[in-house]
Amino acid sequence: MADRTFTTETAYLDYNATAPMRPEALEAVVAAMGSVGNASSAHGPGRGAGRRVDAARRQLADLLNCSPGELVFTSGATEANNLALRAAFAPRTTLVTSPLEHPAVLEVANALTAVVPSELMLLPVDEDGLVDLDALERSLATTTVSVVSLMAANNETGVLTDLAPVVKLAHEAGALVHTDATQLVGRLPLDLAEVDVDLLSLSAHKFGGPQGVGALFMRRGSDLPYRPLVFGGGQERGWRAGTLNVPGIAGAGAAAQAAGRMLAEEGARIARLRDELERMLVEELSDCRINGPFAGRLPGVSSITFRGATADAVLASMPEVAASEGSACSSGAPGPSHVLLAMGRSREEADCTVRFSLGFATTADDVKRAVAATVRAVRQVRVAMST
């Protein structure tokens, strides 16, 4: 297990929001910040910065098993999702996605189809958060679909999508496939030589890199029109203009290399810790429900509904635990989780759901402290709400 990169009394179980920086990433960022040079400049310092970018691109490509030339660095997965969908969607066709997607996909999809809302197809999902592939097949057979966008792993529940049948169905119908793999990359193996998606989005800070940097994988040979979001320079083969964030990119590459080296070991250890957290909470607390299937989830993610105890009150009652009500990008938003509602949960159930997400630096002691604090907080809130 990697050393902790932070010192705190808090049991940090919010890796789906952001992971602490891996020591290797922090070292790479600091080293790059100590050097000067624009990666696009031809002089010595510029070439040095360019070499850091090239090295990071290779490190990320090695993690994904793709060509370095298929990666475009961005400010994060939100920008990558925007870039991917705007490039892949063609007017007067259908964009297929699901109601479980991150807002960085759903809001772009709504914007692209605002003039003709019928061009957007949201696939039904079951109570475990699995997409109805029969509905996808029917949509592909009855409409002209330009792109299918389904997340590889859900950010709230950790539920995994089997991308192989999605790709097969979509490609047979002539559609492109995009996946928001923000929560999957660096946590479970992903071989882009085997998973034939056309576009894939990621953020470095989910697997121990710095915030503010991500990437879009664009498969060589995919039929994509040139539609960049940002103009003004030739960086990233023209797909993303602007001076490259060399320290951030260097940190992303180092984090990718470290995550890849420890992938199998970390995944198994984190899964055991997650299972232990769930076991203890279910034993100690009655009337709680784990959202999503037992298998087929990210190893470190647990979405638990504590009936009779609202999540905001529970979290406020245990400041020593860092967890969340759901997606960090929608925390504080009016209304319950759109993911849980799509899975058939009631508004009350959604309001009583806490997401715990573990990662590379999580320890057994973190889990024990989090369980003790959660049990105490849930009991306290249930008593307060029943009076």
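## Aromatic pairs

Three aromatic pairs are counted in this structure. The model is a predicted one.

Tyr-15 and Phe-360 make up one of these pairs. Their ring centres are 6.0 Å apart, and the planes meet at 90°. That geometry is edge-to-face. Tyr-15 sits in the loop between β1 (11-12) and α1 (23-33). Phe-360 sits in the loop between β12 (353-357) and α12 (364-386). The pair therefore ties together parts that are 345 residues apart in sequence. Are these two residues, Tyr-15 and Phe-360, buried or exposed? Tyr-15 is buried, and Phe-360 is buried as well.

## A pair within one loop

Tyr-226 and Trp-239 form a pair too. Their ring centres lie 5.3 Å apart, with the planes at 70°, so this pair is edge-to-face. Tyr-226 belongs to the loop between β8 (214-218) and α7 (246-261). Trp-239 also belongs to the loop between β8 and α7. The two residues are 13 residues apart.

How accessible is Trp-239? Its relative accessible area is 10%. Buried means under 20%, so Trp-239 counts as buried.

## The cluster around Phe-360

Phe-360 has further ring contacts to follow. Ring pairs join Tyr-12, Tyr-15 and Phe-360 into a cluster.

A charged side chain also meets this ring. Arg-22 lies over the face of Phe-360. The distance from the ring centre is 4.2 Å.

## The largest cavity

Rolling a probe the size of a water molecule over the atoms reveals where empty space remains. Three cavities of 30 Å³ or more are found in the structure. The largest cavity holds about 150 Å³ of space.

Which residues lie nearest the centre of the largest cavity? They are Gly-186, Arg-187, Ile-270, Gly-359 and Phe-360. Phe-360 thus appears again: it pairs with Tyr-15, carries Arg-22 over its face and helps line this cavity. The full lining has 17 residues. Nine of them are nonpolar, four are polar and four are charged.

## The second largest cavity

The second largest cavity has about 60 Å³ of space. Its lining includes Ser-98, Leu-100, Glu-101, Gly-129 and Val-131. Met-151, Asn-154, Val-159, Leu-160 and Thr-161 line the second largest cavity too.

What is the make-up of the lining of the second largest cavity? Five residues are nonpolar, four are polar and one is charged. Glu counts as charged, so Glu-101 is the charged residue here.

Conventions
Residues are numbered from 1 along each chain as its sequence is written. This is a predicted model: local features need pLDDT of at least 70, side-chain atom pairs count only at pLDDT 80 or more; totals for chains, interfaces and linings use all residues. Side-chain values use heavy atoms; hydrogens and water are left out. Rings of Phe, Tyr and Trp (its six-membered ring) pair if their centres lie within 6.5 Å; planes under 30 degrees apart count as stacked, over 60 as edge-to-face and the rest as tilted. Helices (H or I, at least four residues) and strands (E, at least two) are DSSP runs, numbered from the N terminus. Buried means under 20% relative accessible area, exposed over 50%, partly exposed in between (1.4 Å probe, protein chains only). A charge sits over a ring if NZ of Lys or CZ of Arg is within 6 Å of the ring centre and within 35 degrees of the ring normal. On a 1 Å grid over the protein atoms alone, a cavity is a set of points where a 1.4 Å probe fits but cannot get out, and a pocket is an open set with protein on both sides within 12 Å along at least five of seven lines; lining residues have an atom within 4 Å of a point. Grid points are joined across faces, edges and corners, and a volume is the space filled by probe spheres set on the points.
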